[in-house]
Amino acid sequence: MNISFETLLQKDSFTKEEIIRLLKANGEQEKALFKRSHDVKLKHIGNKVYFRGLVEFSNICKKDCLYCGIRASNKMVNRYDIADDQILKAAKFAYEHKYGSMVLQAGERSNPAFVDRICQLLKDIKKVSNDELGITISIGEQTKETYQKWFDAGAHRYLLRVETSNPKLYNKIHPDNEEHSHATRLACLKSLQDIGYQTGTGVMIGLPFQTYEDLANDILFMKEFDIDMVGMGPFIEHDQTPLYEYKDDLMSLNDRFRLTLRMIAVLRIMMKDINIASATALQAIDPLGREKALKIGANIIMPNITPTQERANYLLYQNKPCIDEGADDCTNCMEARINMADGEIGYGQWGDSLHYKSRL
Ligand code: 5AD
Ligand code: FES
């Protein structure tokens, strides 16, 4: 017999069937789920919200993911690559405004000159920030040697979304070739963890062909992999990509949004001390989307500090927010928003995943 929803919510961990039940909650049950997750968050990690200044420094990408607006085959994209001195300026901005950490994100490239360039950048970022700024990298799949080089040069967190834990679904949303392999993605995550990075992953929610069971498995995967950080967001169709063809089969944007919040809530209850980012894609659907996620269970926000002139060219999905604002505008707006979500900004702190610390 099914236990009551209230009893279920008091558990610390869930089976696949229980997760599916929670992911389908609505009305009063959904409210109770959000309340429980909020309480777990306050009890285990408090109400601090940490900043990660995000620099999307290039949209040049060798990958061709069928969902992504900056995929290599999209000839409509103006490709850019921000000069290193501009990136350093953004890093300095993050440091001076007490962001604590920054994220270097770009499309995937791995030629030797690029790998060396990132090493140099990491060292220079450390220099301009008195060795104080935390640095996360998010530049896709690389060899273990490259990950090690970047770690040695000063990066200590890495984000690589698995996109989905289901290899069959992964194959459906990526081209059928060696460049796009689920097994490689998992091997990369393993290398990152072995090297000693705080390792982050995530999935898209509301993909064509995706089921509730897939999403429940995604949460179990994160738990099983003992991941330190998660960033997951709704899938948002882009009309210059092949997956756009399925737009009429998708759940509504609002349903994808709510489902993402429920994913965050369930994950927070199951992984109490990890860092969970409030994805920018949430704000593309609801102007207060990121604040809602913070209130429910997320504790990380990534203000965009990419030089403004290039922001409009990093459109992974459409209706991306904040592409016209400068970094300063973004900070002010962020502060007001976080206060609204009962959060307190952890200025000048790295805000490491407590889970990572206890895992070591
Ligand atoms: N909708 C939502 N998220 C997307 N991403 C790429 N394309 C889309 C899209 N259309 C996400 C992927 C990738 C991250 C950088 O952006 O999860 O890992
Ligand atoms: Fe793979 Fe952009 S091309 S996520």
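**Annotated sites, ligand shell and core of the predicted model**

S138 is buried, as 20 other C-beta atoms lie within 10 Å of its own. The model that places S138 in this setting is predicted. The residue belongs to strand 4, which covers residues 134–138. When neighbours within four places in sequence are left aside, the contacts of S138 are V103, Q105 and L159. In an unreviewed UniProt entry, S138 carries the annotation "binding site".

The same type of annotation, "binding site", is placed by UniProt (unreviewed entry) at C61, C65 and C68. C61 is located in the loop that links strand 2 (53–58) to helix 4 (84–96). C61 counts as buried because 20 C-beta neighbours are found inside 10 Å. Beyond residues up to four places away in sequence, C61 touches I70, R71, A72, G107 and E108. C68 likewise lies in the loop between strand 2 and helix 4. For C68, 22 C-beta neighbours fall inside 10 Å, and the residue therefore counts as buried. Its contacts, apart from neighbours within four places in sequence, are T241 and L316.

Y67 is also found in the loop between strand 2 and helix 4. With 22 C-beta neighbours inside 10 Å, Y67 is classed as buried. Leaving aside neighbours within four places in sequence, Y67 is in contact with I173, F235, T241 and L243. A further relation across the sequence links Y67 to E237: the two are 170 residues apart in sequence, yet their C-alpha atoms are 6.9 Å apart in space.

Both Y67 and C68 are part of the shell around ligand 1. The other residues surrounding ligand 1 are R161, E163, M204, G233, F235, I236, H238, A281, L316 and Y317. By class, this shell comprises eight nonpolar, two polar and two charged residues. Two members of the shell recur among the contacts described above: F235 is in contact with Y67, and L316 is in contact with C68.

At the level of domains, UniProt lists residues 47–273 as "domain: Radical SAM core" in an unreviewed entry. This span is 40% helix and 16% strand, and its end C-alpha atoms lie 12 Å apart.

Strand pairing was examined next. Strand 1 (residues 48–51) pairs with strand 11 (residues 344–345) in the parallel sense over two bridges, and K48 has E344 of strand 11 as its bridge partner. Strand 1 is also joined by two bridges to strand 10 (residues 300–301), again with the strands running parallel. In that pairing, the bridge partner of Y50 is I300.

A second set of pairings involves strand 6 (residues 198–201), both faces of which are covered. Q198 and G200 on one side, and T199 and T201 on the other, are all buried. In a regular strand, side chains alternate between the two faces of the sheet. Strand 5 (residues 157–159) pairs with strand 6 in the parallel sense over three bridges, with Y158 standing opposite T199. Strand 6 is further joined by two bridges to strand 8 (residues 229–234), and these strands run parallel. Here G200 stands opposite M229.

The largest nonpolar core contains 97 residues, of which V55, M102, M263, I264, V266 and L267 touch the most other members. Helix 10 (residues 253–270) gives the most to this core, contributing nine residues. In soluble globular proteins, nonpolar side chains tend to be buried together. Around M102, the contacts beyond residues up to four places away in sequence are R52, G53, V55, A91, A94, L133 and I135. Among them, V55 is also one of the core members that touch the most others.

Helix 12 (residues 289–296) is largely enclosed by the rest of the structure, because eight of its eight residues are buried. The buried residues of helix 12 include the charged residues R290, E291, K292 and K295. G289, A293, L294 and I296 of helix 12 are buried as well.

Methods
Residues numbered from 1 in each chain as written. Chains lettered and ligands numbered in written order. Predicted model: local features only at pLDDT ≥ 70, side-chain atom pairs only at ≥ 80, totals over all residues. UniProt positions renumbered as here; feature names shortened; annotations may be inferred. Helix = DSSP H or I, 4+ residues; strand = E, 2+ residues; numbered from the N terminus. Near = placed C-beta within 6 Å. Core = buried A, V, L, I, M, F, W, Y, C linked by C-beta atoms within 7 Å. Buried ≥ 20, exposed ≤ 12 C-beta atoms within 10 Å, placed from the backbone. Contact = placed C-beta atoms within 7 Å. Pairing = 2+ DSSP bridges.
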